[in-house]
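This report covers nonpolar packing and backbone geometry in a predicted model. Packing comes before the backbone.

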Amino acid sequence: MTMHKTAQATHAAQASVDAMIEDLRTLVEIESPSRDLDALRASATAVAAVIESRLGGRAVLVESEAGPHVHWSGGGDPRVLILGHHDTVFPLGTLERRPFMVEDGQATGPGVFDMLGGLVQAIHGLATLDDRSGVEILVTADEEVGSRSSRALLEERALACGAVLVVEGAAEGGALKTGRKGCGTFQVSVTGRASHAGLEPAAGVNALIEAAHQVLDIAALGRPDLGTTVTPTVASAGTLDNVVPAAATVVVDVRVESADEKERIESAFAALAPHLDEAEVAVEGAVSRPPMPESASTELFALAQKLLPGIEGKAVGGGSDGNFTAALGVPTLDGLGAVGGGAHADHEYLVIDAMAPRANLIAGLVRARQNA
């Protein structure tokens, strides 16, 4: 890339900051909680309209049981997939309590950082390119709830394109995400037998006591030295204070860095056995997002460092759809979206001054893939 072209792209991206904020406001003010199909349809329609307005062509709504995904292609042989999602974790009504605002160099509102800001920056970055051939954009409707309906589609397009740029929010300090842990959720269900806690306590099988044993067994599966965390997060048991509880459930969050640890953890959960006579234990769940090894990002991260000298890369604990594409062996770079923080929290924010450089970075990475 020549200095002249770099200057042109930078100027174009900087000149579009006001337009980026305008589009970001549009998307944030159409709330899009996962699983709300009406809201997700409105959100997908708005995302498609922004893409078509800024890039031309046609953005197709791909129907699914989880809501519409949005797919756009610049034509030609596919070379790079820009991957994001338009569902958020915030319930309807959040916007009324926490409206979109731009103040003190930050944009705030539900979904600005995770990940509507990244979508807008990517679209406007592509808008600076005269040639958009070989580029595809896929914006899914169910990333926040496991990507069950979109996984096959995003894997298909990742394999077709051969490289994936994930526009999830940046890591702390604006770093790119060069690796991610695999993650999953397990639910352990305990069945006991109810009895009167005062008259016949011994006639029952106390599911809460059994669940307590299981929690200790489960917590012992963690291996922080290997990057494996196993965290019981939600538990419930019992019905009344004078009844031996007949049922209990424990929900567990799991994060792993390697395929070997994924296999070990899944096998250990499958092997959980009751401690109390006549108690029963059943397990559902898996490490549903495989680890994203840092090797998957090596090539693309090196390009990013040339385009934006000084940018850092970090391996992080949270998962994204980049986990799926990296597991296929497709070069994948994550964290290319908004610089900011507070994902899934009320203090979520996006740094305005970082929008143009990140849009320009996307444009540079796409151009490099086109010319590879």
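The largest nonpolar core holds 54 residues, and those with the most contacts inside it are Leu24, Ile51, Ile82, Leu126, Ile137, Leu336 and Val366. Two or more residues each are given to this core by helix 2, helix 3, strand 2 (69-73), strand 3 (80-85), helix 5, strand 6, helix 9 (298-307) and helix 11 (355-371). Helix 5 supplies the largest share, nine residues. In soluble globular proteins, nonpolar side chains tend to be buried together.

Ile137 shows what surrounds one of these core residues. With neighbours within four places in sequence left aside, Ile137 is in contact with Ile51, Leu55, Val70, His71, Trp72, Leu81, Ile82, Ile123 and Leu126. A second core, separate from the largest one, has 18 residues, including Val190, Val250, Val281 and Val287.

The backbone has some features to check. The peptide bond that runs from Asp114 to Met115 is cis, with omega near -5°. Met115 is part of helix 5 (residues 112-127).

Positive phi values in residues other than glycine are tabulated here.

| Residue | Phi | Loop location |
|---|---|---|
| Arg35 | near 75° | between helix 2 (17-28) and helix 3 (37-55) |
| Ser147 | near 60° | between strand 6 (135-140) and helix 6 (151-161) |

Are these two loop residues, Arg35 and Ser147, buried or exposed? Arg35 counts as exposed because its relative accessibility is 65%, and exposed means over 50%. Ser147 is buried, with a relative accessible area of 0%.

Notes:
Residues numbered from 1 in each chain as written. Predicted model: local features only at pLDDT ≥ 70, side-chain atom pairs only at ≥ 80, totals over all residues. Heavy atoms only, no water. Helix = DSSP H or I, 4+ residues; strand = E, 2+ residues; numbered from the N terminus. Buried < 20%, exposed > 50% of the residue type's maximum accessible area, 1.4 Å probe, protein only. Core = buried A, V, L, I, M, F, W, Y, C linked by side-chain atoms within 4.5 Å. Contact = heavy atoms within 4.5 Å.
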